[in-house]
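Hello,

Here is the structure we talked about. Please open it alongside this note; my findings follow below.

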Amino acid sequence: MRSTGLLCSSFLFLCLFGFSQEELPPTKSYTTARIESPIILDGKLDDDAWNQVEWGGDFVGHRPEYNVEPTQETQFKILYDAKFLYVGIRAWDTEPEKIVRRMSRRDGFDGDFVEINIDSYNDKRTAFSFSASVSGVKGDEYVSNNGNDWDSTWDPIWYLRTSIDDQGWIAEFKIPLSQLRFANKENHTWGIQFTRRLFREEARSTWQPIDPNSPGWVHLFGELNGIKGIKPQKQLEIQPYVLASLEKYPKEEENPFRDEGKEVNANLGLDAKIGITSDITLDLTVNPDFGQVDADPSRVNLSAFQLFFRERRPFFLEGSNLLSFRTSGGPNNLFYSRRIGGRPHGYPENVQFMDYPNNTRILGAAKITGKNAKGFSWGVLESITNKERADVQYEDGERGEEIVEPYTNFLVGRVQQDIDGGKTVVGALATHVRRFDNRGNGLEYLHDNAFSAGVDLDHNFKDRKYGMEFKVMFSRVEGTQGAIFNTQTASERFFQRPDNNHKEVDSTRTSLVGSAATFSFGKRSGNWRWSIGSNFRSPELVLNDAGFLRQTDDINNWIWTQYRVNKVTNIFRWQNYNFYAEYNNDFGGAITGQGMNFNMNWEFNNYWGFGQGVWVGGTRVSNADLRGGPSIKYPGNVNYWYRIGTNSRKKVRLSFNNWFNWGNNDYSRSSGISVNVNIRPTDALQVSISPNINWNRNDLQYIAQREFGDETRYILGKVVQETYSMSVRANYNITPNLTLEFWGQPFIAAGEYSEFKRSHLPNSENYTNRFHAYSESEIEFNGQDELYQVYENGSSDVDYEFSDPNFNIVQFRSNFVMRWEYIPGSTLFMVWANNGSYFDQSRQNDFNDLASRLSGLTGNNTFLIKYTYRFIL
């Protein structure tokens with residue numbers, strides 16, 4: 001991999017001489033007018049008030065061809081009064097019978113639609129987006145970071161009507177000014193942009209021409225003029241909920257906590273949204289419940305690190321972009337909202353039966369966000385979670401309680417300042433987690449306090465063609481000596497590694513301070529783009545109280561370049577080509593990873609898509625795979641993938657993904673197939689079926705470690721793992737506001753181990769010297785106790801033993817939800833959730849044997865009704 005540096009330099013040289021961007025088109029403007037009487041919303045645009053303003057139009061092509069005349073014309077009008085903004089859009093169509101009227105849930109964005117983006121702050125970075133499909137489905141998103149982030153979890157209250165006639169279709173919007181944010185002044189200039197999607201041609205046109213290769217979106221909007229004398233609206237929305245649930249599960253006669261086979265519960269809670277001023281909004285939730293949210297998909301984790309699952313809860317999703325502060329690529333972040341209300345940390349031992357809480361109850365949370373006319377934005381999230389207890393029955397028959405989670409307070413704050421119209425943005429984020437009464441309750445291993453903070457800078461220059469990003473951050477945790485000892489020896493760090501020559505465990509410490517930083521510079525516009533960067537995470541960095549961090553002790557240097565063509569050719573509608581290379585080492589200088597990737601993606605003129613890529617990795621070292629043992633060196637690898645997708649406009653569409661991985665020295669092989677079949681029997685019904693099959697063989701899979709005299713044996717084995725899963729999702733729209741939704745996932749995973757060995761010289765240059773394979777005389781399986789017994793050097797006595805690592809997992813999870821938004825902002829949910837699972841360690845792991853268990857799975861069935869009503873005061 002010594003050629004990596006030369007290749008990176010060559011690509012950088014080429015990128016520096018990339019194509020220049022064309023001159024920007026003139027900024028369009030539209031002048032609105034004020035009306036005194038509200039418009040009757042009917043989707044017809046026949047109210048006399050619409051005659052007070054002229055039509056705006058002259059849309060131009062955006063995709064697949066930029067700055068060409070669209071095949072269909074689009075026009076709009078805008079009016080306002082003291083409370084509302086009214087937008088009427090006429091989507092002309094010479095073939096109205098071909099208009100695609102597909103329905104979906106809110107924010108589904110399927111079929112023909114029109115959209116208006118409103119930069120009411122006029123800060124050139126943020127906007128409020130409102131979309132209307134021809135079938136009357138609403139979409140709304142909060143746009144930030146100059147169009148790089150679109151938050152579809154933002155659900156404002158607004159009103160829409162659509163209609164179809166022999167000239168095309170019409171969308172009529174009524175947007176309360178209380179849902180927008182703007183300065184308190186007499187005259188306003190807002191940024192606006194209109195987009196139309198013509199589904200049958202998979203084409204988009206816009207009012208203000210914006211080259212798809214431009215470095216951003218919002219700063220290039222047209223202007224809306226003529227708004228005078230409006231005042232920022234007070235916003236007060238209160239949404240209480242009432243919930244009743246029934247949980248049924250298999251009876252366990254001897255278990256006093258599950259002997260009835262059912263459990264009935266009721267709950268109350270409250271959400272609120274309060275516009276404190278025109279610049280500040282407060283979101284509150286008291287005793288929230290998220291029972292209508294899909295369960296996490298099943299996964300098997302054989303690594304040393306925790307798994308990442310995306311946030312699904314609406315309160316924490318809305319506005320999450322503002323509170324994001326990534327430390328590097330992947331999910332690493334100073335704030336990971338799923339830490340709030342997650343599974344309790346404690347787990348009682350030496351108990352016979354237990355009633356254990358699935359999640360920590362959130363007593364309340366408040367989120368305050370705002371942005372003023374000077375470009376200063378901020379967000380603060382405060383939440384407190386409950387002290388959780390597990391009801392237990394001890395082995396002697398006595399009953400009691402064990403505390404499994406202390407009262408915990410989470411505080412997150414974010415500030416950002418726009419400079420020079422958003423060309424430069426500086427900001428900071430800080431988190432603090434405080435646990436109460438965790439000492440003396442068996443939870444002393446948890447941190448008492450955990451802090452993290454970071455400062456970031458994003459600067460654009462040369463008309464935003466080029467940009468740089470810089471971040472620096474630190475963390476500090478405090479706790480007992482035992483808590484900090486556990487932190488030093490946790491899987492993110494493993495300071496105790498015997499070959500760790502730059503860090504060691506200090507059992508007397510009661511705090512730990514770490515740091516991280518990242519820097520990147522690149523070209524952000526044009527057909528040819530590139531960036532170079534570097535980041536590090538110090539060994540002492542600790543983020544997992546409030547954030548997410550897989551591993552520390554890493555220095556990463558990388559380069560990326562892309563050439564893309566957003567123009568129709570004889571073969572392609574669009575195409576792009578990407579190159580990426582990276583080099584990783586730890587703070588001790590060991591090379592922990594290196595490699596390069598090249599991939600290409602095309603969409604053909606028949607609307608099919610194809611992509612493929614290859615990763616070539618060099619020798620790497622893992623500091624974690626032996627779970628606190630010495631680092632282990634792995635040979636290089638080659639990974640190849642490709643994907644094929646059929647025409648996404650058809651009522652039946654298919655995507656197929658296939659990948660292969662080959663490890664050098666044949667130490668590993670893996671492959672996978674992922675298929676998605678999406679079927680549209682009618683405009684109101686959508687069904688998707690996504691089977692996945694993954695196969696993996698790894699000859700150096702960690703199993704256990706055992707003491708042997710004054711040495712530690714790190715036991716490895718060959719694992720052959722097969723995983724089968726299938727996600728099934730169906731959505732039926734009775735109306736745009738009444739939907740039936742089903743999600744289900746059968747999941748089967750089996751792992752069979754053989755060819756056991758122990759680590760010997762894990763960093764040897766010779767691959768076969770890195771382990772000692774047990775001979776037949778050194779290891780045997782005790783079937784009665786299901787243990788492997790090891791006799792080193794042919795001894796007659798058992799030197800150590802370990803459990804049979806084989807595993808078989810069968811699971812089925814599903815959610816069926818009826819969702820009725822009977823008036824805007826008020827919803828009735830009816831939910832049936834099922835969760836069944838089976839686990840054993842036998843060798844009966846044939847797919848047919850395991851698949852037959854799906855029909856006989858026993859588990860929990862939960863039925864709930866949740867009623868919410870939003871009061872607008």
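Lys 718 is buried, because its relative accessible area is 18% and the cut-off for buried is under 20%. Keep in mind that this is a predicted model. Lys 718 sits in strand β39, residues 711–735. Leaving aside residues up to four places away in sequence, Lys 718 touches Arg 697, Asn 698 and Asp 699. Its other contacts on that count are Glu 752, Tyr 753, Ser 754, Glu 755 and Lys 757.

Two further residues in strands are worth a look.

Thr 385 belongs to strand β20, residues 376–385. Is Thr 385 buried or exposed? Thr 385 counts as buried, at 2% relative accessibility. Beyond four places in sequence, its contacts include Ile 340, Gly 341, Thr 360 and Arg 361. Ile 362, Leu 363, Pro 406, Tyr 407, Thr 408 and Phe 410 are also among them.

Leu 268 is in strand β16, residues 262–275. Leu 268 counts as exposed, because its relative accessibility is 57% and exposed means over 50%. Apart from residues up to four places away in sequence, Leu 268 touches Tyr 241, Val 242 and Asn 287. From Leu 268 to Asp 289 is 21 residues in sequence, and the C-alpha atoms are 8.7 Å apart.

Next, the nonpolar cores.

The largest nonpolar core has 46 residues. Those with the most contacts inside this core are Ile 78, Leu 79, Leu 85, Phe 130, Phe 173, Trp 190 and Phe 194. Seven strands to check here are β4, β5 (84–92), β6 (113–119), β7 (127–133), β11 (168–176), β12 (187–198) and β14 (222–228). Each supplies at least two residues of the core. Which strand gives the largest share? That is β5, with 6 residues. In general, nonpolar side chains tend to be buried together in soluble globular proteins.

Take Leu 85 as a way into this region. Not counting residues up to four places away in sequence, Leu 85 touches Ile 78, Leu 79, Tyr 80, Ile 118 and Phe 173. Lys 174, Ile 175, Leu 177 and Trp 190 are also on its contact list. There is a second, separate core of 25 residues. Phe 410, Ala 450, Val 542 and Leu 543 are among its members.

Now the empty space inside. The structure holds 5 cavities of 30 Å³ or more. The second largest has a volume of about 60 Å³. Its lining includes Leu 177, Ser 178, Leu 180, Arg 181 and Phe 182. Pro 232, Gln 233, Gln 235, Gly 275, Thr 277 and Ser 278 also line this second largest cavity.

On to strand pairing.

Three strands form an open sheet in the order β18-β21-β22, with antiparallel pairing. The edge strands are β18 (351–355) and β22 (399–405), and each pairs on one side only. Neighbouring strands of this sheet are turned by 35° against each other on average, direction ignored. Strand β21, residues 388–394, pairs with β22 over 6 bridges in the antiparallel sense. Ala 390 has Glu 402 in β22 as its bridge partner.

Further along, β36 and β37 run antiparallel and are joined by 11 bridges. Asn 657 has Ser 674 in β37 as its bridge partner. These two strands, β36 and β37, form a hairpin with 4 residues between them. Asn 665 in that turn has a positive phi of about 60°. Asp 666 is in the loop between β36 (652–663) and β37 (668–682). Its phi is positive too, about 55°, although Asp 666 is not a glycine. Asp 666 is partly exposed, with a relative accessible area of 39%.

From β37 the chain goes through 2 residues into another hairpin, with β38. β37 and β38 (residues 685–708) pair over 11 bridges, again antiparallel. Ile 673 stands opposite Ile 693 in β38.

Two backbone details to finish.

A cis peptide bond joins Arg 63 and Pro 64, with omega about 0°. Pro 64 is in the loop between β3 (60–63) and β4 (74–80). Arg 627 has a positive phi near 50° and is not a glycine. Arg 627 is found in the loop between β33 (620–622) and β34 (632–634).

Best wishes

Key:
Residues are numbered from 1 along each chain as its sequence is written. This is a predicted model: local features need pLDDT of at least 70, side-chain atom pairs count only at pLDDT 80 or more; totals for chains, interfaces and linings use all residues. Side-chain values use heavy atoms; hydrogens and water are left out. Buried means under 20% relative accessible area, exposed over 50%, partly exposed in between (1.4 Å probe, protein chains only). Contact means heavy atoms within 4.5 Å. Two strands pair if DSSP finds at least two bridges between them. Axes are lines fitted to C-alpha atoms, for helices over the stretch in contact, and angles run from 0 to 180 degrees between N-to-C directions. A nonpolar core is a set of buried Ala, Val, Leu, Ile, Met, Phe, Trp, Tyr and Cys residues joined through side-chain atoms within 4.5 Å. On a 1 Å grid over the protein atoms alone, a cavity is a set of points where a 1.4 Å probe fits but cannot get out, and a pocket is an open set with protein on both sides within 12 Å along at least five of seven lines; lining residues have an atom within 4 Å of a point. Grid points are joined across faces, edges and corners, and a volume is the space filled by probe spheres set on the points.
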